[in-house]
Amino acid sequence: MRFFFPLSLIYFGIVLNLSLVQAQTNSLNVNADRLTTQLKKLSTFGMNKKGGNDRVAFSDYDIQARSYLSNYLKDLGLKVYTDAAGNLIAKREGKKNSLSPIVFGSHIDAVPNGGHYDGDVGVMGGIEVLETLIENNIQTNHPLELIIFSNEEGAIFGSRALAGKIDQATLEVQTASGYTNGEGITRIGGDPEKVMQLKRRPEDVHAFLELHIEQGNVLHKNNLDIGVVEGIVGLKWWDVEITGLTNHAGTTPMNDRKDAMIAAAQFVLAVNEIITGIEGAQVGTVGRIAAFPGAPNVIPGKVITSLEIRDLDAAKIKMLFEKVEARAHELGEATRTTFEFKPIDATAEPALTDVRIQDIIRQNAIDLNYSHKTMPSGAGHDAQDMAVITPTGMIFVPSVNGISHAPEEFSTPEAIAKGANVLLQSVLDIDKINLN
Ligand SMILES: [Zn+2]
């Protein structure tokens, strides 16, 4: 990025505004063709007949891709190793190796029949940044560390290990590959016995950056180049149990029913009305519903639905939930049913990115003449766990039509190169500042 120093001098009552433009422009760019070629190469590991990506975490495809990338990174002259959580890590020395590293990266595992851009863009973009620095003989003060996290899609496993959030239960969770997390990390070179010792302290990392596809349609629809992510939304889930009275659908008059389904139908609409009733980017969803006993000729005496609320602000999630809960009790009275909310253990706290790093990303987008927008991330990412450890920033590039986790997932080579250029310049800027 370029630096502008607006300077105001008051001299004998005359205000002089001088804008000094420091001649520190650099025209360093990533090699967009090489980045495209590398993404294509990575997509061959797990490409299925539908054009989708079956490189689920710990699968043979995952192992083959990691081996390919490990060799590629070694050939660049980097120190490469796999940590106990199965994270593949490449290190480049800085001029001052007593400084903590600037870390960037993402994941290469996919959901079954997923796409070739989720995670891959951040990993290959990060490798391209390293390669650009190496071939231009630019050495940063801080060491640089590229991390290819393990099992992001299943449990956000590798980054959670660095945040110190893995327990025995997480190791035993079954993954899409058919292996548990513990078995899986062993397959890719990790060690379940030592995974709990990986926790990094704030002084171990200078900053973390993740380049990622948006996986939504905000940037593409608005024809924007770069998303400056202000945070990853937190989410809360509840089971909502609505109790009425089970009875005969033929013999019970309409005005004498306690129909839990009628209450549920009104509840679904009420959630939508409450969530959209105030300003902001919050989202709320009823995504699951089951009626009991569940027969065409029986009035449902019980309905269980889900409720999910997401926002960047935990207090707002709480406030919205309280509104939903209050309205549900009103609906219960009106329909002669009762509502009970049971929190489900799928809570994620909002993770905010660092405002100083947001500014750096935004300024680099401006300097590179890329349009940009500050926005939350509605999906979970490795960055949400890294944000617990260190000042974190996230750069989004547009997903065409907002499609993700599907074979149609696509971001243009130009859009990806722009994101990688912003990552490159942001790494160089973060190298120059104190983030304590
Ligand atoms: Zn991802």
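**Packing around helix H9**

Task: Find what the buried residues of helix H9 pack against.

Solution. Start with the ground rules: the structure is a predicted model, in which local features need pLDDT of at least 70 and side-chain atom pairs count only at pLDDT 80 or more, while totals for chains, interfaces and linings use all residues. Residue numbers run from 1 along each chain as its sequence is written.

Next, locate the element. Helices are DSSP runs of H or I with at least four residues, strands are runs of E with at least two, and both are numbered from the N terminus. H9 covers residues 260-276. Its 17 residues reach 24 Å from the first C-alpha to the last, close to the 24 Å expected at 1.5 Å a residue; the expected span is 1.5 Å times one less than the number of residues.

Now pick out the buried positions. A residue is buried if 20 or more other C-beta atoms, placed from the backbone, lie within 10 Å of its own, exposed if 12 or fewer do, and partly exposed in between. In H9 the buried residues are Ala 260, Met 261, Ile 262, Ala 263, Ala 264, Phe 267 and Val 271.

Finally, look for their partners, with contact meaning that two C-beta atoms, placed from the backbone, lie within 7 Å. The buried residues of H9 pack against four strands and a helix: S9 (234-243), S11 (283-285), S12 (289-292), S14 (302-311) and H10 (314-335).

**The faces of H10**

Task: Work out which residues of H10 are buried and which are exposed on its other side.

Solution. Check the length first: the 22 residues of H10 should span 32 Å at 1.5 Å a residue, and the 31 Å between its end C-alpha atoms agrees with that. The buried set is Ile 317, Leu 320, Val 324, Ala 328, Leu 331, Gly 332 and Thr 335. Viewed down the helix axis, these residues fall within an arc of 120 degrees, so they line one face of H10; the arc is that of the directions from the axis to the C-beta atoms. A helpful reminder: an α-helix has 3.6 residues a turn, so residues three or four places apart point the same way.

On the other side of H10, the exposed residues are Ala 315, Glu 322, Ala 326, His 329, Glu 330 and Glu 333. The cover over the buried residues of H10 includes S9, H9, S11, S14 and strand S15 (338-348). Just after H10 comes Arg 336, with a positive phi near 60 degrees.

**The same analysis for H2**

Task: Why do the buried residues of H2 lie on the same side of the helix?

Solution. H2 has 16 residues and reaches 23 Å between its end C-alpha atoms, close to the expected 22 Å. Its buried residues are Tyr 61, Asp 62, Ala 65, Arg 66, Leu 69 and Leu 73. These residues cover an arc of only 125 degrees around the axis, which puts them on the same side of H2. Asn 71, Lys 74 and Asp 75 are exposed on the face turned away.

The buried residues of H2 pack against H1, strand S3 (79-82), strand S4 (88-92), helix H3 (120-135) and strand S6 (144-149). Gly 77 follows H2, and its phi is positive, near 90 degrees.

**Two loop residues**

Task: Is Leu 224 buried or exposed, and which residues does Leu 224 touch?

Solution. Leu 224 sits in the loop between helix H8 (218-221) and strand S8 (226-232). Leu 224 counts as buried because 20 other C-beta atoms lie within 10 Å. Leaving out residues up to four places away in sequence, Leu 224 touches Leu 219, Ser 371, His 372, Lys 373 and Pro 398. Of these, Lys 373 is 149 residues away in sequence and 7.3 Å away in space, C-alpha to C-alpha.

For practice, try Gly 52, in the loop between helix H1 (32-43) and H2 (60-75). Gly 52 is buried because 21 other C-beta atoms lie within 10 Å. With the same sequence cut of four places, Gly 52 touches Asn 113, Gly 114, Gly 115 and Pro 407.

**The domains**

Task: How many residues of domain 1 are in contact with domain 2?

Solution. An automatic or database assignment supplies the domain bounds: domain 1 is 32-233 + 351-430 and domain 2 is 234-348. Their C-alpha centres lie 37 Å apart. Seven residues of domain 1 are in contact with eight residues of domain 2.
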